[in-house]
Amino acid sequence: MTSVHFRSHNLLPANPIGRSFLHTPTAAKNPRIQANMKTQFTPSRTQRIMEGISVSGEVGGAGGAYSYNALKRLDQIWSRICSGQEAPEAAQEVVRRLSGAFSRSDLGEKATDTFDVLVCGGTLGVFIATALSLKGLRVGIVERNVLKGREQEWNISRKELIELVEVGVLTEDDIEQATAMKFNPNRCAFEGKGEIWVQDILNLGISPEKLIEIVKERFISLGGVIFEGCNVSSICIYDDMTVMQLSDGNILSSQLTIDAMGNFSPVVKQIRRGRKPDGVCLVVGSCARGFKDNSTSDVIYSSSSLKKVGTSEVQLFWEAFPAGSGPVDRTTYMFTYIDPQPGSPKLEDLLEEYWDLMPKYQGVSLDDLKILRIIYGIFPTYRDSPLPATFDRVLQFGDASGIQSPVSFGGFGSLTRHLGRLSTGIYEAVTGNFLDSDSLSLLNPYMPNLSSSWLFQRAMSAKQRSNISPYFINELLHVNFQSMQRLGDPVLKPFLQDVVQFVPLTQTLGLVMLTKPQLLPSIFKQVGIPVLLDWSGHFGMLGYYTFLSTFVDPIIRSFLSSLTPKMNFEWKRRLEAWKYGAGLDYEL
């Protein structure tokens, strides 16, 4: 769950021309001018609430910016995305390819330190950095802020955290130490159509502050080096090394650079050339004190049909979790899926709507709550994800790679699932010198289960100016969840943890068609024929990957030891792509 919470500063206009205009006789006598100026200078409810919040300082990573200024900056980025304008950073060339060996270059003698792997971005990057250090590689982390987790908890299941224990990054005692809250059961419901309750889904509140501190200490104890308060100025790729120049003047060299700088990584911007995302999840919310009924959670909840926010219609969804900071503290998220277009609602627009809707959703009065933190975030997704390696010796990781599901907001869950696969593959790539872009792309391969999720994202996005019933999305989701519940935990639980599998998906779709065939025309209208045709191809590949992983994998695996090191590396990655791309890594 990756979102952003903040502390506000007073942002009332300080324009001297505006102030002097307010005191002119004309303004004093003209009611229309007075009304306009009052509107212009009156802070929004969101700003007023944020100004009353006192929280600790900002940290790096998604979810670490607290200020109202940060909200306005993010809304400006969002407006540029919607309008199709390239952000100024998109034109920046961060990565350059240079011919020859680094040792013979002008920078060869200026390098201040040399590593096997350098990780840019420490909030999630510290996990892969620690996993690689455990394998004996020398690893450095470059973090533009202090490497520290945010206050707002991450919600995840114990099953997912155990995957970090299996890699060696955490111990079970570490999990207990970082767990701020445990709760069950967890609800899924759609506009009064009945409730579905599940156990052990996103039912732990993990303190990122404690978790990252634990992993950071382990990383340092393994010989890892952290460069805090440093921006990456440039990355130069030579035949034998990548060379990173930092804003503090340090020049670092490594065999491989891992880009873990998140959704807005400057390297990813360079690769995608400012291309508009195919979809975006917008998230707003708060952590507040004053909830008396606070023992269960909502994994996904919808309390209404389509709503108009600004000039756009949106389908709003909710999540809610008990918070570890106190028995009556609760986090509520309101989120929506958007096709970024001019006129799409801004985050501040959604927050204004949130203050109106959240009290009714939770059965409380806003006046009875003490707002502890405010949460907001933008999570862009692309249909051609995961992002294959574009450069030799540079690999995207985490949110930067697009490995997360297009219907999730935040990549911590996908990190836990893929960390073992990626740490092993990266270690073999570095030690075997398989660092060309083609070899590295095998670590971020095509995954049909991830591509299949695009249909769900599109189905949950409100279609503008259509004749589809405003109740359709909730009706469709209710029927799908009801069908998965009838089919049992082996179908429902993987889906709720962003894992799509061929047999459960086929069973669910078949049951939906049998029970609600009248929904099919609206499905065609909602998602469109081209999207359905594209999805059908991915669905077919999902079945194909399931077959390959189940029946072909054991045959090929028996021949791996007889292959050359390069072929061995490549075939291991293909076998992993079949397994993970079919969701067969998931164990109930």
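In this predicted model, Glu570 forms a salt bridge with Lys566, and the closest N and O atoms of the two are 3.8 Å apart. Both residues belong to helix α21, where Glu570 and Lys566 are separated by 4 residues, which is about one turn of the helix. Lys566 counts as partly exposed, its relative accessibility being 31%. Elsewhere, salt bridges that share partners bring Arg158, Glu172, Glu176 and Lys182 together into one network. Side chains of opposite charge can pair when their charged atoms come close, and a search of the whole structure finds 28 salt bridges.

Helix α21, which covers residues 565-581, also packs against helix α12, residues 412-432, with an angle of about 170° between them and their axes 11 Å apart. Because angles over 145 degrees count as roughly antiparallel, α12 is described as roughly antiparallel to α21. On the side of α12, the contact is made by Arg417, His418, Arg421, Thr424, Gly425, Glu428 and Ala429, while α21 contributes Phe569, Lys572, Arg573, Glu576 and Tyr580.

Two of the residues named in this contact, Glu428 of α12 and Arg573 of α21, can be followed further, for their side chains meet in a salt bridge with an N to O distance of 2.9 Å. Since Glu428 lies in helix α12 and Arg573 in helix α21, the pair ties together parts that are 145 residues apart in sequence. Both Glu428 and Arg573 are buried.

A further salt bridge involves strands, and here the side chains of Asp329 and Arg289 meet at 2.7 Å, N to O. Asp329 is found in strand β19 (residues 329-338) and Arg289 in strand β14 (residues 279-289), so that this pair ties together parts lying 40 residues apart in sequence. The two partners can be described separately by their accessibility: Asp329 is buried, with a relative accessible area of 0%, whereas Arg289, with a relative accessible area of 32%, is partly exposed.

The surface also offers a nonpolar feature, a patch formed by Phe524, Ile529 and Leu533, which together have about 310 Å² of accessible area. Leu533, one of these three residues, lies in helix α20, which runs over residues 529-557. Because a residue counts as exposed when its relative accessible area is over 50%, Leu533, at 60%, is classed as exposed.

How values were computed. Residues are numbered from 1 along each chain as its sequence is written. This is a predicted model: local features need pLDDT of at least 70, side-chain atom pairs count only at pLDDT 80 or more; totals for chains, interfaces and linings use all residues. Side-chain values use heavy atoms; hydrogens and water are left out. Patches are made of residues with over 30% relative accessible area and no salt bridge: like charges are joined within 9 Å, nonpolar side chains (Val, Leu, Ile, Met, Phe, Trp, Tyr) within 5 Å. Accessible areas come from the Shrake-Rupley method with a 1.4 Å probe; for residues, only the protein chains shown count as cover. A salt bridge is a side-chain nitrogen of Lys or Arg within 4 Å of a carboxyl oxygen of Asp or Glu. Buried means under 20% relative accessible area, exposed over 50%, partly exposed in between (1.4 Å probe, protein chains only). Axes are lines fitted to C-alpha atoms, for helices over the stretch in contact, and angles run from 0 to 180 degrees between N-to-C directions. Angles under 35 degrees count as roughly parallel, over 145 as roughly antiparallel, 65 to 115 as roughly perpendicular and the rest as oblique. Contact means heavy atoms within 4.5 Å.
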